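This report goes through selected features of one protein chain, from its sheet to its surface. The sequence and structure come first.

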Amino acid sequence: MEQLAATAFRTRYGPWALVAGASAGLGAEFATQLAAKGLNLVLIARRQQLLDELSARLTATYAIEVRTLQLDLARENIGSLVTEATSDIEIGLLVYNAAVSMVGPYFEIALQDHLNEIAVNCRTPLTLSYLLGQQMLKRQRGGIILMSSLSAFQGSALISNYAATKGYIRLLAEGLWEELRTRDIDVLTCCPSAVSTPGSLANTSRRSAPTPVSAMSPRAVAAETLAALGKQPVVIPGRTYRLANVLMQRLLPHKMTIRIMGRVMRNMYQQP
Ligand SMILES: NC(=O)c1ccc[n+]([C@@H]2O[C@H](COP(=O)([O-])OP(=O)(O)OC[C@H]3O[C@@H](n4cnc5c(N)ncnc54)[C@H](OP(=O)(O)O)[C@@H]3O)[C@@H](O)[C@H]2O)c1
């Protein structure tokens with residue numbers, strides 16, 4: 001049964017998947033679960049050694065090919081770099097997982113860092129979904145997964161720009177879902193709450209209070225996301241988080257939701 005599902009997945013989204021931001025955390029987990037479904041992989045990140053280790057692990061375990069690209073996803077010419085490096089293969093699935101998440105008072109973060117966050121979190125996923133999506137359109141099949149966040153549903157103090165970039169991603173994916181669903185291209189955005197990844201643990205070390213919710217494992221988040229592809233435009237992994245989101249978005253006045261988020265963030269990072 002599992003084998004059958006993997007074959008159907010590979011037929012619809014193969015033969016290659018590209019995971020942007022694949023060296024650690026959720027990206028490495030997406031790569032692992034896609035390898036288990038038999039997809040060949042293009043893995044992008046800045047840390048080549050981590051990509052090499054992941055590639056060696058996956059090719060030793062699964063009968064797949066892996067190509068690694070050491071790239072900074074903030075680069076302006078990322079579109080041509082990626083299309084040149086993949087011109088000989090068919091990418092049927094894009095997983096845009098990478099993100100910059102700057103935490104701190106808005107004016108204490110350098111403007112250049114805010115702009116870099118927009119490049120990695122907005123400009124590059126737009127570029128890659130445009131360029132790879134065009135190829136999927138020609139083949140009339142494919143999938144695009146864009147990683148957003150629960151913070152995409154309201155503004156949040158101390159992560160104002162990050163939350164705004166995640167709002168952009170969520171809305172981009174929702175619009176594309178509607179535009180492309182009749183063209184046999186499945187678009188999905190994933191909006192998790194806390195996930196226990198190296199990136200989020202690095203932020204935890206700067207926190208003075210724990211996250212008020214328990215973090216999900218990357219494995220569970222990636223599995224729920226891949227299972228939702230082709231079924232809906234948005235997935236919020238974890239029942240608790242889905243319920244929390246209903247409470248925050250539908251039951252509380254929006255102003256109160258923004259203030260609660262602000263209080264949570266200030267408490268976590270001990271800011272006035
Ligand atoms: N973890 C959470 O609690 C949480 C919650 C909600 C949403 N999310 C979202 O889930 C996604 C993954 O989160 P995560 O916690 O797994 O992140 P992470 O641990 O920080 O990993 C991010 C990945 O992106 C890559 N990356 C970052 N900047 C890059 C750049 N400029 N160029 C190339 N690669 C870059 C990193 O590789 P290199 O450093 O090697 O380049 C790494 O492979 C993000 O979109 C995040 O916003 C996470």
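## A charged site on the surface

K255 counts as exposed because its relative accessibility is 63%, above the 50% cut-off for that class. The model behind this value, and behind the others in this report, is predicted.

K255 lies in helix α10, which covers residues 254-268. On the surface, K255 gathers with R259, R263 and R266 in a patch of positive charge.

## The sheet

Seven strands make up an open sheet with parallel pairing. Read across the sheet, their order is β3-β2-β1-β4-β5-β6-β7.

The edges are held by β3 (66-70) and β7 (234-235). Each of these two has a single partner strand, so one side of each lacks a neighbour in the sheet.

## Strand β6 and its partners

Strand β6 spans residues 185-190 and runs parallel to β7, with two bridges joining the two strands. One residue pair places this contact: C190 has V235 in β7 as its bridge partner.

Strand β5, residues 142-147, is also parallel to β6, and here six bridges make the connection. Between β5 and β6, G143 has D186 as its bridge partner.

How many of the residues of β6 are buried? Six of its six are, and the strand is mostly covered. The side chains point two ways: I185, V187 and T189 to one side, and D186, L188 and C190 to the other. Residues on both sides are buried. D186, the partner of G143, and C190, the partner of V235, thus both belong to the group of D186, L188 and C190.

## A nonpolar patch

L111, L115 and I118 make a nonpolar patch of about 280 Å² on the surface. L115 is found in helix α5, which consists of residues 111-139.

Is L115 buried, exposed or partly exposed? The relative accessible area of L115 is 45%, so this residue is partly exposed. Being partly exposed means a value between the 20% limit for buried and the 50% limit for exposed.

## Helix α1 and a long separation

T7 has its place in helix α1, residues 2-13. With a relative accessible area of 33%, T7 is partly exposed.

T7 and A194 are 187 residues apart along the chain. In space, their C-alpha atoms are separated by 31 Å.

Key: Residues are numbered from 1 along each chain as its sequence is written. This is a predicted model: local features need pLDDT of at least 70, side-chain atom pairs count only at pLDDT 80 or more; totals for chains, interfaces and linings use all residues. Side-chain values use heavy atoms; hydrogens and water are left out. Patches are made of residues with over 30% relative accessible area and no salt bridge: like charges are joined within 9 Å, nonpolar side chains (Val, Leu, Ile, Met, Phe, Trp, Tyr) within 5 Å. Accessible areas come from the Shrake-Rupley method with a 1.4 Å probe; for residues, only the protein chains shown count as cover. A salt bridge is a side-chain nitrogen of Lys or Arg within 4 Å of a carboxyl oxygen of Asp or Glu. Lys and Arg count as positive and Asp and Glu as negative; His and the chain ends are not counted. The place of a charge is taken as NZ of Lys, CZ of Arg, CG of Asp or CD of Glu. Helices (H or I, at least four residues) and strands (E, at least two) are DSSP runs, numbered from the N terminus. Buried means under 20% relative accessible area, exposed over 50%, partly exposed in between (1.4 Å probe, protein chains only). Two strands pair if DSSP finds at least two bridges between them.
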